[in-house]
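Here's a quick briefing to read with the model open beside you. Take a look around first, then we'll go through it topic by topic.

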Amino acid sequence: MTEPMVRAEGVCKSYGRLEVLRGIDLEVAHGEVMCVIGPSGSGKSTFLRCINHLEKVDAGRLYVDGDLVGYRQRGDRLHELREDEVAHKRRSIGMVFQRFNLFPHMTALENITEAPVGVLGRPKASARAHALDLLDQVGLGDKAAAYPNQLSGGQQQRVAIARALAMEPKLMLFDEPTSALDPELVGDVLEVMRKLAEQGMTMVVVTHEMGFAREVGDSLVFMDEGVVVEHGNPRDVLGNPQEERTQAFLSKVL
Amino acid sequence: MTQGHAPQKVVPVRHPWRWVTGAILAVLIAQAATSVVTNDNFGWPVVWDYLFDPRVLQGLQNTLILTVLSMVIGVVGGILLAVMRLSGNPIAAGLASAYIWLFRGTPLITQLIFWFYIAALYPRIGLGVPFGGPEFVSWDTNTLITQFSAALLGLGLNEAAYMAEIVRSGIQSVDEGQTEAASALGMTRGRILRRIVLPQAMRVIIPPTGNQTISMLKTTSLVIVIGYYELMVAAGQIYARNFQTIPLLITAALWYLALTSVLTLVQTQIERRYSRGMSRSSKASRGLVNRLLTSGSDQV
Ligand SMILES: Nc1ncnc2c1ncn2[C@@H]1O[C@H](COP(=O)(O)OP(=O)(O)OP(=O)(O)O)[C@@H](O)[C@H]1O
Ligand SMILES: [Mg+2]
């Protein structure tokens, strides 16, 4: 495979005067698990949200599986995609949020089947069967009928992962999936993510779980003030950081 | 920790004044009730005579039809206006704001009369190319605008302005993360609104909508100004002949109370339907009497 799953070329993003991303260059290969760390406000979430076009990129290019995100190139002009075209492209990119964002008025099962049935037009019965299978995989086979507020944070997050997987995405984005969880619930979620990685899913994971980054990650990116400061093998970056800013950050969190 | 402890004796706080005020109120209420029943001027036999009078029932039917249809127009219009206001489109948002400004800013009675006499402004209404182009179809305004359609237009369009604000606050009460998660799943804006945002907004939208419906039930009596026939007009026409003013007003009031009670129950059912997944245990529903005696506007 020559074309990487994600390719960022000089991605910039500002909110008004605040430059949040200042030229990000990154590649994520097929099947790669990339972990992203960095101090609060460094632009990690923003970068992730650019990948599925929840945020518009101001400058630079972002490609997912060879497809330009959010635009169509004709000659040297970029044409913005229509809303339904953007929605169509998001189908193949799963996203998991820090605060789960399950739909509270639907059961766990309904949360998972909503998009496959409503967006992909899958038959209800097969979507249900697939959803039950996914719930089993995340260890919640008995929670199909539970509403989100009847589940613990860790359980909700695993349902959220199953919900994203139900779309059979080629890429999964995780934005601090365990940061809102009580410490004893973190392990279950990380375990699900580890299994997903073993199955070959391409993943970009913003996380503060250095253990996960070291053991599951294929590469590690340290971001600060909207730029990639260091990028390499997780063991190298964590064990022997080259940049001063990385050293300073790691000395605080490790 | 509790082992070996004798159970604590708890002496609850006593409220002697509650008993005193309660007793005084009970006496006053009993006195009022007796006087209402025994005072012949209330004319209870007349009240019962006219309760199921065909003219009263006809008025009641019109009141109900007006209430239901105006609320349908109001709710649909309100959702449209709210979505326009929240859309990124400045022209749509501006139009919706102007509509709300106009319809909330003028008396309903004025609007009713305005719609009834719209034929004076536009004798014919048609579809065609704007700014003087050819017209495809047109109607005589006077045949379109009956007392009924003017009443519906007046009540429904006015209601839409109020419902717009209710729907808007409901939509805005839904966490942005919901829209984000739905977008990330590839849902389009319309689908997100229908499947994710509105069902959650309902919890905030329903109680004030119940209030509006109950209020509409009684507001329909304003259509008397354009001569449409409803419950209050029916009662009025009867007492204009037999001079039994108070008994007929009571007849009408009893019907309004009955309808309000039914609406309150319906509202409770709908609220329960939309509270699914919103509280850990399904909240113990309040007693029926309690429900009927409080306004529908209390927060969920
Ligand atoms: N919608 C927005 N409007 C204005 N500023 C924003 C918006 N979203 C993010 N920001 C700002 O952009 C900067 C980067 O935000 P981002 O969420 O990407 O950081 P982060 O690295 O994910 O931080 P954290 O670890 O706290 O999640 C922050 O200073 C934030 O305040
Ligand atoms: Mg973040």
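Which helix and strand of chain A each supply at least two residues of the shell around ligand 1? They are β2 (18-28) and α1 (44-51). Keep in mind that this is a predicted model. We'll start with the ligand and then move on to where chain B and chain A touch.

**Who surrounds ligand 1**

- The residues around ligand 1 include a run you can follow along the chain: A:Pro39, A:Ser40, A:Gly41, A:Ser42, A:Gly43, A:Lys44, A:Ser45 and A:Thr46.
- The others around ligand 1 are A:Tyr15, A:Leu18, A:Val20 and A:Glu176.
- If you're wondering who gives the most, α1(A) has the largest share of this shell, with three residues.
- Sorted by class, the shell holds six polar, four nonpolar and two charged residues.

**Polar atoms next to the ligand**

- Look at A:Ser40 and you'll find an N or O atom of its side chain 2.5 Å from an oxygen atom of ligand 1.
- A:Ser45 also has a polar side-chain atom by the ligand, 2.6 Å from one of its oxygen atoms.
- For A:Glu176, the distance from a side-chain N or O atom to an oxygen atom of ligand 1 is 3.1 Å.
- On its own, ligand 1 would expose 630 Å², and the protein buries 58% of that.

**Where chain B meets chain A**

- People often describe how big an interface is by the accessible area that gets lost when the parts come together.
- Here, chain B and chain A bury about 2300 Å² between them, and 53% of that is on carbon and sulfur atoms.
- Chain A puts 29 residues into the contact, and chain B puts in 23.

**What links the two chains**

- There are five salt bridges between chain B and chain A.
- One of them pairs A:Arg99 with B:Asp175, whose closest N and O atoms are 3.6 Å apart.
- Counting residue pairs in polar contact between the two chains, with both residues at pLDDT 80 or more, gives seven.

**Chain B's side of the contact**

- Two helices of chain B, α9 (176-184) and α10 (189-219), each supply at least two residues of the side that touches chain A.
- The largest share of that side comes from α9(B), which gives seven residues.
- By class, chain B's side is a mix of eight nonpolar, eight polar and seven charged residues.

Key. Residues numbered from 1 in each chain as written. Chains lettered and ligands numbered in written order. Predicted model: local features only at pLDDT ≥ 70, side-chain atom pairs only at ≥ 80, totals over all residues. Heavy atoms only, no water. Contact = heavy atoms within 4.5 Å. Buried area = accessible area lost by both parts, 1.4 Å probe. Salt bridge = Lys/Arg side-chain N within 4 Å of Asp/Glu carboxyl O. Polar contact = N/O pair within 3.5 Å; in protein donor to acceptor, adjacent residues only side chain to side chain. Helix = DSSP H or I, 4+ residues; strand = E, 2+ residues; numbered from the N terminus. Nonpolar A, V, L, I, M, F, W, Y, C, P; charged D, E, K, R; others polar. Near = heavy atom within 4 Å. Areas by Shrake-Rupley, 256 points an atom, 1.4 Å probe, with all protein chains shown as cover.
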